[in-house]
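This report describes selected features of a protein model, from confidence to backbone geometry. Please consult the sequence and the structure while reading.

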Amino acid sequence: MKYIPGIRCYKGYKLNTNENQFSTSKNIFFLLKIISNNFEKLKFYPDYDNTQFINIISKIYKINKNKIFISNGSDESLFFLFFLFKNFKLKIPIISYPFYNVYSYFHKIIKKNIKFKNILKLKNIFLAIPNSPTGEFFKKKLILKKILKKNFIIIDEAYSDYYNLGYKKYINKNNNLIIINTLSKSFSAAGIRIGFIFSNKYIINKIKLIKQCFNSYNINIISNYIGIECLKDRDYLFLKIQKNNYLKLLFNIFFKNKKKKKNNFIFLKKKIYFFFFFKKKKIFFIFFKKNIRINISNLKIFILIINFFFIWS
């Protein structure tokens, strides 16, 4: 079993991999000066503890520094966590991020796939909130009740910034809550490959030990600077989120999609020929059995999709 990325297209509109269609923080333009002033540092290995970056994260999210781990993309975070819990029987939603099943297979983990709506009834669970690709989520009180249990719960919060559904502040030494996050979605920085794990000190130290066996210098100097600037520019982050939610409202109204979903995409029941029609028009979606996932895009692409939709229908 292997993970198959969304098709990389060089002509047309790529709406099949959940990349944020809005640009990265403009603060990064100022990095040219920062990098030029620190050019000599590129001959050295980066800080393996990512001290400066972790200090910024700690201040922004108000989380103790010993509860933070930085990885080379959230997929690496997932790999480390699946390795750490390989001797547990994991519960994973039937429809969710494909890498959960890939890493389970790679680490030979005994897992059970459960319907998303039923997964909180079980222990040792691994889920995304909001879920990908369906956009499902749970009421906050149900998650908090689960967090209080002794068994671990791993929450992938790749899309949580869009609807403020994060649970980082509930991490403490008395629970086994583990949060995964990334700069790839709401921060529009998929290209620099930076992910995070938030948990109690004991679990973070275990993850650090695993990392040292793979690659002790996992975040390069340039990505480190870019990641810091992305996190610091909170005003631009909130502006992008508002744009995304507004355009998602337009998409939902047009496609008459009444279900409440919490992501930067819409999930529609469409036939396969709907997918192929738009593919011929150089607009790339992703097809899940009887469903189409369309990444929220800018107004120009939205209008283009509407025009082609009327031709298709």
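## A small sheet

In this predicted model, Phe267 is placed opposite Arg293 of strand E12. The strand E12 comprises residues 291-295 and is joined to E9 by 5 bridges, the two strands running antiparallel. Both strands belong to an open sheet of 3 strands, whose order is E9-E12-E11 and whose pairing is antiparallel. Strand E9 (265-269) and strand E11 (286-288) form the edges, each pairing on one side only. From one strand to the next, the twist averages 25°.

As general background, the strands of a sheet pair through backbone hydrogen bonds, in either a parallel or an antiparallel manner.

## Confidence of the model

The mean pLDDT of the protein is 85, and 94% of the residues score at least 70. Confidence is lowest in helix H1 (residues 31-37), where the mean is 71. It is highest in strand E8 (residues 195-198), at 96. In general, predicted coordinates should not be read in detail where pLDDT is low.

## Helices H2 and H7

Helix H2 spans residues 51-61, and helix H7 spans residues 221-232. The two helices pack at an angle of about 15°, and their axes are 10 Å apart. Angles under 35 degrees count as roughly parallel, and H2 and H7 are therefore roughly parallel to each other. Their crossing is left-handed.

On the H2 side, the contact involves Gln52, Phe53, Ile56, Ile57, Ile60 and Tyr61. These residues meet Asn224, Tyr225, Gly227, Ile228, Leu231 and Lys232 of H7. By class, the contact of H2 with H7 contains 8 nonpolar, 3 polar and 1 charged residues.

## Helices H3 and H4

Helix H3 (residues 74-84) packs against helix H4 (residues 99-106) at an angle of about 40°, with the axes 10 Å apart. H3 and H4 are therefore oblique to each other. The crossing of this pair is right-handed.

H3 contributes Asp75, Leu78, Phe79 and Phe82 to the contact, while H4 contributes Phe99, Tyr100, Tyr103, Ser104 and Phe106. The contact of H3 with H4 divides into 7 nonpolar residues, 1 polar and 1 charged.

## Helices H9 and H10

Helix H9 (residues 272-280) and helix H10 (residues 299-312) have axes 11 Å apart and pack at an angle of about 125°. That angle makes H9 oblique to H10. The crossing of H9 and H10 is right-handed.

Which residues of H9 meet H10? They are Tyr273, Phe274, Phe277 and Phe278, and their partners in H10 are Ile305, Phe308, Phe309, Ile311 and Trp312. The contact of H9 with H10 has 9 nonpolar residues, with no polar and no charged ones.

## Backbone geometry in the loops

Most peptide bonds are trans, and most residues other than glycine have a negative phi. Against that background, three positions in the model may be noted. The peptide bond from Ile129 to Pro130 is cis, with omega near -5°. Pro130 lies in the loop between strand E5 (125-128) and helix H5 (140-147). Ser132 and Pro133 are likewise joined by a cis peptide bond, with omega about 15°. Pro133 is also found in the loop between E5 and H5.

Asn50 is not a glycine, yet Asn50 has a positive phi of about 50°. Asn50 is located in the loop between H1 and helix H2.

How values were computed
Residues numbered from 1 in each chain as written. Predicted model: local features only at pLDDT ≥ 70, side-chain atom pairs only at ≥ 80, totals over all residues. Heavy atoms only, no water. pLDDT = per-residue confidence, 0-100. Helix = DSSP H or I, 4+ residues; strand = E, 2+ residues; numbered from the N terminus. Pairing = 2+ DSSP bridges. Axes fitted to C-alpha atoms, helices over the stretch in contact; angles between N-to-C directions. Parallel < 35°, antiparallel > 145°, perpendicular 65-115°, else oblique. Left-handed = near helix turned anticlockwise from the far one by under 90°. Contact = heavy atoms within 4.5 Å. Nonpolar A, V, L, I, M, F, W, Y, C, P; charged D, E, K, R; others polar.
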